[in-house]
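Me: I have a model open and a few labels on it puzzle me. Could you go through them and tell me what each one rests on?

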Amino acid sequence: MPNKEIPYKIYLEESELPKQWYNVRADMKNKPAPLLNPATLKPMTFEDLRPVFCDELVRQELDDTTAYFDIPEEIQNFYKMYRPSPLVRAYCLEKQLDTPAKIYYKFEGNNTSGSHKLNSAIAQAYYAKKQGLKGVTTETGAGQWGTALSMACSYFGLDCNVYMVKCSYEQKPFRREVMRTYGATVTPSPSNTTNVGRKILEEFPGTSGSLGCAISEAVEAATTKEGYRYVLGSVLSQVMLHQSIIGLETKTALDKYDVHPDIIIGCAGGGSNLGGLISPFMGEKLRGENDYRFIAVEPASCPSFTRGKYAYDFCDTGMVCPLAKMYTLGSGFIPSASHAGGLRYHGMSSILSQLYDDKLMEAVSVEQTAVFEAAVQFARIEGILPAPESSHAIRVAIDEALKCKETGEEKTILFGLTGTGYFDLTAYQRYNDGTMTDYIPTDEDLEKGFAGLPKVE
């Protein structure tokens, strides 16, 4: 029987909800390298970034010394519609694995967008509305960010233009329709509606697209339409800040029961959910107060951490965005059309890249058939159909729990369950039919992307 002292689901009281976001950069000895202006190769300034992002978001992006930012009351009130999200003890999974490990997961799929993305979407929409803008543009991979942003924009009465990676646009029509239901305009990317989209289509005819392509189109659209700004669902430091609410809630819930996780695991595409989950725990590690083992899990088809280079690179395929120092496969690298659309990004958050380079966290890559094997196992045992992205973390959490079974170690494992997979049934169908395949880029494939890295001293 489960330990009666720790319930299956741990919820916080409303009074325990975080009132501030935590900025892990404030505690980093080695700060993430600054964004560079691609024309001058000098650090981007507030004035440089203003034409692209909302003013308050630029301030958050550039601030690496303020540890805590107050969450505006309007955002706190919106959060209360779906937060706190549950922290779940995976008793049933532990029993099936016959492991001495204790497994917890923070479930972020308990809202209509189906993922953690709403945490930052509502913040970015709030600041856009406060600035008096007409609307925002963005890209989306699996569609979770686009769905979240369309909900947030609807709430604040903003226009929302979404460029959706073409393979996801075709694979996930229902998520596309949720966006349209909330009033968003959804365009498959690359498209003929922008100059950069036409250029990409000319160079890569028939391409299934990538997040890098969609970012380029969204930025162009924002900077050529009066009263619009671009917003991003991952990678940027401002997004890590907003997503820190995941880790802050998780830590408060664990502390209530005097639980200390030994291993903290998250899937990694651009870094938003992983960064949000680990931030307060990483802060303790950086300050020397506690120690944890952090594991980033990425797809073998797009292995920016495990096979990428730590270098300055464009954040987008069209090379219109600032340069960021990150682990990257090159902005010209277009991943295979895997089902984890939200992880098909060529680079990684500058914050997480710096932490990884400082050896404060680990990274592993996994193949998608192994990921879906874990997803099905989890769904049958824990009763939640996980998103393909989230299932990368499930795969490694199970692997770590089985290692504990072999060694007899009673470790506590925490992972982020970023969202649900109910709009990803085409992927589940292919796994169930036995037609799903794995793709791992060759060294030659990766060299093509590396060859396009900008020359930055």
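Reply: Sure, and keep in mind that this is a predicted model. Let's begin with the largest pocket: α9 and α18 (443–450) each supply at least two residues of its lining. The biggest share comes from α9, with four residues.

Me: What is the volume of the largest pocket, and which residues are closest to its centre?

Reply: The volume is about 310 Å³. The lining has 16 residues, and E203, F204, T317, M319 and G332 are the closest to the centre.

Me: How does the lining of the largest pocket divide by class?

Reply: There are six nonpolar, seven polar and three charged residues. Gly goes with the polar class, so G332, one of the residues closest to the centre, is counted there.

Me: And what lines the second largest pocket?

Reply: That one has 15 lining residues, with A33, P34, L35, E61 and S237 nearest the centre. Its volume is about 250 Å³. By class, the lining has ten nonpolar, two polar and three charged residues.

Me: How many cavities are there, and what makes a space a cavity and not a pocket?

Reply: The search of the whole structure finds six of 30 Å³ or more. In a cavity a 1.4 Å probe fits but cannot get out, whereas a pocket is open. The second largest cavity has a volume of about 100 Å³, over the 30 Å³ used in the search.

Me: What kind of residues line the second largest cavity?

Reply: The lining has twelve nonpolar residues, no polar and no charged. Among them are L35, V52, F53, Y230, C315, C321 and P322. Tyr, Cys and Pro count as nonpolar, so Y230, C315, C321 and P322 fall in that class. L35 also turns up among the residues nearest the centre of the second largest pocket.

Me: C315 and C321 both line that cavity. Why is there no disulfide between them?

Reply: The cut-off is 2.5 Å between the sulfur atoms. The sulfur of C321 is 5.9 Å from its closest cysteine sulfur, in C315, so that pair is too far for a bond. C321 is buried too, with a relative accessible area of 7%.

Me: How about C160: why is it not counted in a disulfide?

Reply: Its closest cysteine sulfur is in C153, 4.1 Å away, and that is too far for a bond, so C160 isn't counted. Over the whole structure, the search finds zero disulfides.

Me: Why is C160 called buried?

Reply: Buried means under 20% relative accessible area. C160 has 2%, so the label applies.

Me: S210 sits in a loop, between α9 (195–203) and α10 (211–223). Is S210 buried or exposed, and why?

Reply: Its relative accessibility is 3%, so S210 counts as buried. S189 is 21 residues away in sequence, and the C-alpha atoms of the two are 7.8 Å apart.

Me: Which residues touch the most other members of the largest nonpolar core?

Reply: W21, F305 and M361 do, out of 71 residues in that core. Helix α5 (residues 118–130) gives the most to this core, with eight residues. Leaving out residues up to four places away in sequence, F305 touches nine partners that include A296, Y327, M348, L352, Y356 and M361. A second, separate core has 27 residues, including F378, I384, A397 and F415.

Conventions:
Residues are numbered from 1 along each chain as its sequence is written. This is a predicted model: local features need pLDDT of at least 70, side-chain atom pairs count only at pLDDT 80 or more; totals for chains, interfaces and linings use all residues. Side-chain values use heavy atoms; hydrogens and water are left out. On a 1 Å grid over the protein atoms alone, a cavity is a set of points where a 1.4 Å probe fits but cannot get out, and a pocket is an open set with protein on both sides within 12 Å along at least five of seven lines; lining residues have an atom within 4 Å of a point. Grid points are joined across faces, edges and corners, and a volume is the space filled by probe spheres set on the points. Buried means under 20% relative accessible area, exposed over 50%, partly exposed in between (1.4 Å probe, protein chains only). A nonpolar core is a set of buried Ala, Val, Leu, Ile, Met, Phe, Trp, Tyr and Cys residues joined through side-chain atoms within 4.5 Å. Contact means heavy atoms within 4.5 Å.
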